[in-house]
Amino acid sequence: MTAFRYLHLDVFAARRGGGNHLGVVIDASGWTDSAMQAFARWTNLVETTFLLPPADPRASYRVRMFTPHKEIDFAGHPSVGSAHAALTCGLIEPHDGLLWQECRAGVLPIRVAEDHGHRQLLLRSPAAAVRESGTDAHPLLRRALSGVASGRLAPALVDGGRRWWVVECADEAALRRWQPDHAAVGALGKATASMGICAFARSEASDHQLVVRALASGAGIAEDPASGAANGLLAAYLAQAEPHGPLARGYAVSQGREIGYDARLLVRIDDDGAVWVGGRTNTVIDGRLQWDANA
């Protein structure tokens, strides 16, 4: 039985303990596919990742991402957290302010920045496209949105890395007090091969411009406390829908307070439309795990 370095992280946290959990196995070169899946099932985290040497010469490192049930191509907070782990453990160094992460979705850049003295990692989201738009875009949409007033932009099914329904709510208070019908959201998600509903509202707060709730019932998760992929799709939709609006070049997001978390995500949108989503990651546990990597 071999011991491996293992980090348990707090990703996108506005305060320690406020972000999304992630487990990272640092050197998984000798792990079999079945051992990775078994360990991810045992941690029972939304995602567990495994760091490997890159296969693509353009990449700084390679990461494999697992839910308790399957391997996935891409997700936001596992990407940002894995980059934090690789930097923390001295496996990589940024070049010209960038890291290059290899995953099943391809080789993706991650920007290394500073914000108020803390390291911020921002992942460039995959290109996104609107597949459907409007309140009548799907017969299950109205039921999934029952109990909350709509905002100015029409709901849209946006696809890019993951697939989400992006829905604007009337205001921050309405979104925060909404009690979603998770069964209805799940039915919509399954019928449209989407994660569910990424609901957002504009805010007048000093530390964030948007509030987001990621209702991922389509993937069996009632609500995600901090979703990089959902926020990437939302940012792409806003940049397309309001190219000259106050959010068109970036903003800060508050997410997760309704379920006891306190996440803060940063969004930056380049002139060419490239969307970068990220934030701060805290290392909560840095230790050794013992596991049969050849099982």
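This report describes the pockets and cavities of the structure above, then one strand residue and two cysteines. The model is predicted.

**Pockets**

A probe the size of a water molecule, rolled over the atoms, shows where space is left empty. In this model the largest pocket has a volume of about 540 Å³. Its lining is made up of 31 residues, and those nearest the centre are E47, T67, R162, M195 and A219. Four elements each give two or more residues to this lining: strand 5 (71-72), helix 2 (76-88), strand 11 (162-168) and helix 6 (228-241). Helix 2 contributes the most, with three residues. Sorted by class, the lining of the largest pocket holds 14 nonpolar, eleven polar and six charged residues.

The second largest pocket contains about 200 Å³ of space. It is lined by 16 residues, and A127, A128, A236, G273 and V275 lie nearest its centre. Strand 9 (129-133) and helix 6 are the elements that supply two or more residues to this lining. Helix 6 provides the largest share, five residues. By class, eleven residues of the lining of the second largest pocket are nonpolar, four are polar and one is charged.

**Cavities**

How many cavities of 30 Å³ or more does the structure hold? There are two. The largest cavity has a volume of about 40 Å³, and the second largest cavity has a volume of about 30 Å³.

The largest cavity is lined by F74, G76, V80, L123, S125, G228, A229 and V277. Helix 2 and helix 6 are the elements that give two or more residues to this lining. The second largest cavity has F74, S125, P126, G160, A229, G232 and L233 in its lining. Here helix 6 gives the largest share, three residues.

The table sets out the classes of residue in the two cavity linings.

| Cavity | Nonpolar | Polar | Charged |
|---|---|---|---|
| Largest cavity | five residues | three residues | no residues |
| Second largest cavity | four residues | three residues | no residues |

Residues F74, S125 and A229 appear in the lining of the largest cavity and also in that of the second largest cavity.

**A residue in strand 8**

Q120 is located in strand 8 (residues 118-124). Is Q120 buried or exposed? Its relative accessibility is 5%, and the cut-off for buried is under 20%, so Q120 counts as buried. Apart from neighbours within four places in sequence, Q120 is in contact with R111, V112, A113, E114, D115, L266, G279 and R280.

**Cysteines**

A disulfide is a covalent bond that joins the sulfur atoms of two cysteines. How many disulfides does a search of the whole structure find? The search finds zero. For C89, the nearest cysteine sulfur is that of C103, 19 Å away, and C89 is in no disulfide. A disulfide needs the two sulfur atoms within 2.5 Å, so the 19 Å between the sulfurs of C89 and C103 rules out a disulfide for this pair. C89 has a relative accessible area of 16% and is therefore buried, as this value is under 20%.

C198 is also in no disulfide, and the nearest cysteine sulfur, that of C169, lies 9.7 Å away. The cut-off of 2.5 Å therefore excludes a disulfide between C198 and C169 as well. With a relative accessibility of 0%, C198 counts as buried.

Notes
Residues are numbered from 1 along each chain as its sequence is written. This is a predicted model: local features need pLDDT of at least 70, side-chain atom pairs count only at pLDDT 80 or more; totals for chains, interfaces and linings use all residues. Side-chain values use heavy atoms; hydrogens and water are left out. On a 1 Å grid over the protein atoms alone, a cavity is a set of points where a 1.4 Å probe fits but cannot get out, and a pocket is an open set with protein on both sides within 12 Å along at least five of seven lines; lining residues have an atom within 4 Å of a point. Grid points are joined across faces, edges and corners, and a volume is the space filled by probe spheres set on the points. Ala, Val, Leu, Ile, Met, Phe, Trp, Tyr, Cys and Pro count as nonpolar, Asp, Glu, Lys and Arg as charged, and the others, Gly among them, as polar. Buried means under 20% relative accessible area, exposed over 50%, partly exposed in between (1.4 Å probe, protein chains only). Contact means heavy atoms within 4.5 Å.
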